[in-house]
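Morning, everyone. I have a few minutes to walk you through a structure that is new to most of you. Please have a look at it first.

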Amino acid sequence: MKRIARFHKVSENRFLEDWKDKFPETPEAEIHRIYEEIVLPRRATAGSAGYDFFTPSDFTLAPGESVTIPTGIRVEMQEEWVLKCYPRSGLGFKYRLQMNNTVGIIDSDYFYSDNEGHIFAKLTNDSRENKTVELKAGTGFMQGIFVEYGITVDDDATAVRNGGFGSTTAAK
């Protein structure tokens with residue numbers, strides 16, 4: 001196996017700012033506690049392809065509800081690799097828990113963005129069986145799989161990322 005990446009927590013200040021943006025009612029002392037208890041993604045078994053991401057707090061989603069989760073995680077990886085993020089298969093199967101962008105793509109240069117490469121996950125309970133999803137803090141909710149990729153022979157991209165979502169969509 002190639003060892004091509006390392007997970008890190010974002011800085012506490014970054015996490016505090018991003019959590020307040022998504023959950024402004026959370027007391028600051030609680031956000032600091034949540035930050036301290038963040039668990040870095042890890043594989044469950046030696047044969048697992050996916051690195052499980054764990055909820056930093058409790059979340060309950062009724063059918064049709066969505067939540068954007070600041071994970072507190074960033075990933076440093078070698079060029080020519082990408083981290084693809086999917087919902088945990090059991091949650092998708094049991095509850096139709098979906099990621100709003102279907103597959104999250106974390107590029108290698110996202111680590112160096114102004115937001116420290118903070119990985120977010122927007123989830124929707126798409127249950128058609130009226131099932132409420134309850135995710136307790138520390139529950140695996142998303143899995144990330146590292147994939148190597150190539151580029152075209154005539155590729156001439158030289159731009160440098162300086163942002164997060166949608167920051168690389170400008171046409172040249």
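I will go through its aromatic rings, its helix α1, a pocket, and then some single residues. One thing up front: this is a predicted model.

Let's start with the rings. How many aromatic pairs does the structure hold? The count is 10. I will show you two of them.

The pair to begin with is Phe7 and Phe53. Their arrangement is edge-to-face. The centres are 5.7 Å apart, and the planes make an angle of 85°. Now look at where these two residues sit. Phe7 belongs to strand β1, residues 5-9, and Phe53 to strand β2, residues 51-54. That is a gap of 46 residues in sequence, so the pair ties together distant parts of the chain. Are the two buried or exposed? Both Phe7 and Phe53 are buried.

Next, Phe15 and Trp19. This aromatic pair is tilted, with 35° between the planes. Centre to centre, Phe15 and Trp19 are 5.3 Å apart. Here the partners are neighbours in a helix. Phe15 and Trp19 both lie in α1, residues 12-22. They are separated by about one helical turn, because they are 4 residues apart in that helix. Phe15 has a relative accessibility of 0%, so it counts as buried. Trp19 is buried too, at 2%. The cut-off for buried is under 20%.

These two rings have company. Phe15 and Trp19 form one aromatic cluster with Phe23, Tyr35 and Phe59.

Two rings also have a charge over them. Lys9 lies over the face of Tyr35, 4.2 Å from the ring centre. Tyr35, remember, is in the cluster I just listed. The other case is Phe111. The charged end of Arg74 sits over its ring, at 3.7 Å from the centre.

Back to helix α1. Which of its residues are buried? They are Arg14, Phe15, Leu16, Asp18 and Trp19. And what covers them? The cover includes helix α2, residues 28-36, and three strands: β3 at 59-61, β4 at 66-70, and β9.

Now the pocket. I have picked the second largest pocket, with about 550 Å³ of space. Its lining is made of 18 residues. Nearest its centre are Lys2, Arg3, Arg43, Tyr51 and Phe146. Two elements give two or more residues to this lining: β1, and β11 at 140-148. Which one gives the largest share? That is β1, with 3 residues. You met β1 earlier as the strand that holds Phe7.

On to single residues. Cys85 is in strand β6, residues 81-87. With a relative accessibility of 1%, Cys85 counts as buried. Beyond its neighbours within four places in sequence, Cys85 has contacts that include Phe53, Met99, Ile106 and Met142. So one ring of our edge-to-face pair, Phe53, turns up in the surroundings of Cys85. How far is Cys85 from Ser113 in space? From C-alpha to C-alpha the distance is 18 Å, and in sequence the two are 28 residues apart.

Gly72 sits in the loop between β4 and β5, the latter at 73-77. Gly72 counts as buried, because its relative accessibility is 0%. Setting aside residues up to four places away in sequence, Gly72 touches His8, Lys9, Val10, Phe15, Ile38, His118 and Ile119. Two of those names should be familiar. Phe15 is in the aromatic cluster, and Lys9 lies over Tyr35.

Now to the loop between β8, residues 104-107, and β9, residues 120-125. Asn115 lies in this loop. At 15% relative accessibility, Asn115 counts as buried. Its side chain makes a polar contact of 3.0 Å with the side chain of Tyr110. Not counting residues up to four places away in sequence, Asn115 touches Tyr110 and Arg14. Arg14 is one of the buried residues of α1. Glu116 lies in the β8 to β9 loop as well. Its phi is positive, near 65°, and Glu116 is not a glycine.

Arg96 also has a positive phi without being glycine, near 60°. Find Arg96 in the loop between α3, at 89-95, and β7, at 97-99. Is Arg96 buried or partly exposed? At 31% relative accessibility, Arg96 counts as partly exposed.

That's my tour. Over to you for questions.

Technical notes: Residues numbered from 1 in each chain as written. Predicted model: local features only at pLDDT ≥ 70, side-chain atom pairs only at ≥ 80, totals over all residues. Heavy atoms only, no water. Buried < 20%, exposed > 50% of the residue type's maximum accessible area, 1.4 Å probe, protein only. Polar contact = N/O pair within 3.5 Å; in protein donor to acceptor, adjacent residues only side chain to side chain. Contact = heavy atoms within 4.5 Å. Phe/Tyr/Trp six-rings, centres within 6.5 Å; stacked < 30°, edge-to-face > 60°. Lys NZ or Arg CZ within 6 Å of the ring centre and 35° of its normal. 1 Å grid on protein atoms, 1.4 Å probe; cavity = no way out; pocket = protein on both sides within 12 Å on 5 of 7 lines; lining within 4 Å. Points joined across faces, edges and corners; volume = space filled by probe spheres on them.
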